[in-house]
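Hi,

Here is the structure I promised to pass on. Have a look at it first, and my notes follow below.

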Amino acid sequence: MAKNIAFVRHDFIAPEKPPTTDSSAVGWLRKNMFATPTDSALSLIAIIAVLYYLPGAIDWLFLSAVWTGADRSVCTTAAQGGIQPDGWTGACWAYVNDRFVQFMFGSYPRDQLWRPLLVLALAVGLLVPFLMAKVPRKGLNAILLLFVMPLVAFFLLVGGWFGLSHVETSLWGGLMVTLILSFVGIVVSLPLGIVLALGRRSEMPIVKTASVLFIEFVRGVPLITVLFMASVLLPMFLPPGTPVDKFLRALIGVSIFAAAYMAEVIRGGLQAIPKGQYEAADALGLSYFHKTTFIILPQAIKLVIPGIVNTFIGLFKDTSLVTIISMYDLLGIVKASFGDSGWSTPVTPLTGLIFAGFVFWIFCFGMSRYSASVERRLDTGHKR
């Protein structure tokens, strides 16, 4: 029987010209902003909005802003009892400058500020080389950063030893509290989340049930509830009269809350690993510990780096909720300062909130950019 080959082409298609590359500014605009009519319309709307709002924002934030002053009179108009002309509007950075130390350290004794500054210097000096890929001795660096430095920071910040005066945690505040809560929460939540994720995938019923109950219970309630439980209920499970520092309760609450979310992120990475990886590790005779540590977890964590960093960023921002248990982080202490009659002006609240938001943005943007660089460095799946 004759075959119908009418659909078969007898002539080759003429070769097309290679795509042109235009690295100029015009080429970048054409590719990224004006590639299609929809892109062009959205780009024009965005440009018009920026041109409309940006000059006013720059004028309010910088040009008409007040940068120095001792009290509210420098940021109020003549009609309000100040020195600015009527109709003036601008940011009151003099207020931020006057309260800067309080925003950074809360009510920490001013003559002892060298202690948190020394802790900050130690943390930066250990964290920067730890995050750099080509710096050697990562194991020693990790031990110093994750184990030694927290102990040194505890003795320095709390005091009461080696001739240092004792500073109660109720005097801590500002950015210092935000950074400590975030650092401890990140350091604790990642390994605890890994353990919970492995426990949820375990074949032992008791371990799996305990992990599932913990994860689902913590994820099912808001962080405010967890903080209340850590602050109010935790002392009930301890012997009567046992003192539990309020700051320690906040650390525990934030850490277990972040660990529950981290467990689900890690579990997603574990489920994305092909079954062949498990079978290959078993075929090599590796134990469960070696298989998980050297084969499964490195691949799983690599896959979920965006989710891990997203959890870290959420944790950093959620530290502002400790205000509910009378712990004042950066945002809480900025809001508390609004009640000071010495700086009570119409522009003070907005200026303070913009300052706090900018500080939060710097840290969150930094974590995001570092995460992107790590992803690019580890993205070796399609390299030859």
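Starting with charge: the chain carries 29 positive and 21 negative charges, and the mean positions of the two sets lie 9 Å apart. Bear in mind throughout that this is a predicted model.

On to the fold. There are 15 helices in the chain and zero strands. With a radius of gyration of 28 Å, against the 21 Å that the globule rule gives for 384 residues, the chain is more spread out than a compact globule. If you want a feel for the dimensions, the C-alpha trace spans about 100 × 60 × 40 Å along its principal axes.

As for packing, 35% of the 384 residues count as buried. Among contacts with a separation of 6 or more, 68% are between residues 24 or more positions apart. The accessible surface comes to about 23500 Å², and carbon and sulfur atoms make up 69% of that.

Next, the cysteines. How many disulfides does the count come to? The count comes to one. The partners are cysteine 75 and cysteine 92, with an S to S distance of 2.0 Å. Both cysteine 75 and cysteine 92 sit in the loop between helix H2 (37-63) and helix H3 (93-98), so the pair ties together parts that are 17 residues apart in sequence. The torsion about the S-S bond is about 80 degrees, which means the disulfide is right-handed.

Are the two partners buried or exposed? Cysteine 75 counts as buried at 2% relative accessibility, and cysteine 92 is buried too, with a relative accessible area of 0%. While I was on cysteines, I also looked at cysteine 364: its relative accessibility is 10%, and it counts as buried because the cut-off is under 20%.

The last residue I went through is phenylalanine 214. You'll find phenylalanine 214 in helix H8, which covers residues 205-219. Phenylalanine 214 has a relative accessible area of 28%, so it comes out as partly exposed, the class between 20% and 50%. Leaving aside residues up to four places away in sequence, phenylalanine 214 touches Leu196 and Ile256. I also checked its spacing to aspartate 329: phenylalanine 214 and aspartate 329 are 115 residues apart in sequence, and their C-alpha atoms are 27 Å apart in space.

Over to you!

Cheers

Conventions:
Residues numbered from 1 in each chain as written. Predicted model: local features only at pLDDT ≥ 70, side-chain atom pairs only at ≥ 80, totals over all residues. Heavy atoms only, no water. Helix = DSSP H or I, 4+ residues; strand = E, 2+ residues; numbered from the N terminus. Rg over C-alpha atoms; globule rule 2.2 N^0.38 Å. Buried < 20%, exposed > 50% of the residue type's maximum accessible area, 1.4 Å probe, protein only. Contact = heavy atoms within 4.5 Å. Areas by Shrake-Rupley, 256 points an atom, 1.4 Å probe, with all protein chains shown as cover. Lys, Arg positive; Asp, Glu negative; His and termini not counted. Charge placed at Lys NZ, Arg CZ, Asp CG, Glu CD. Disulfide = S-S within 2.5 Å.
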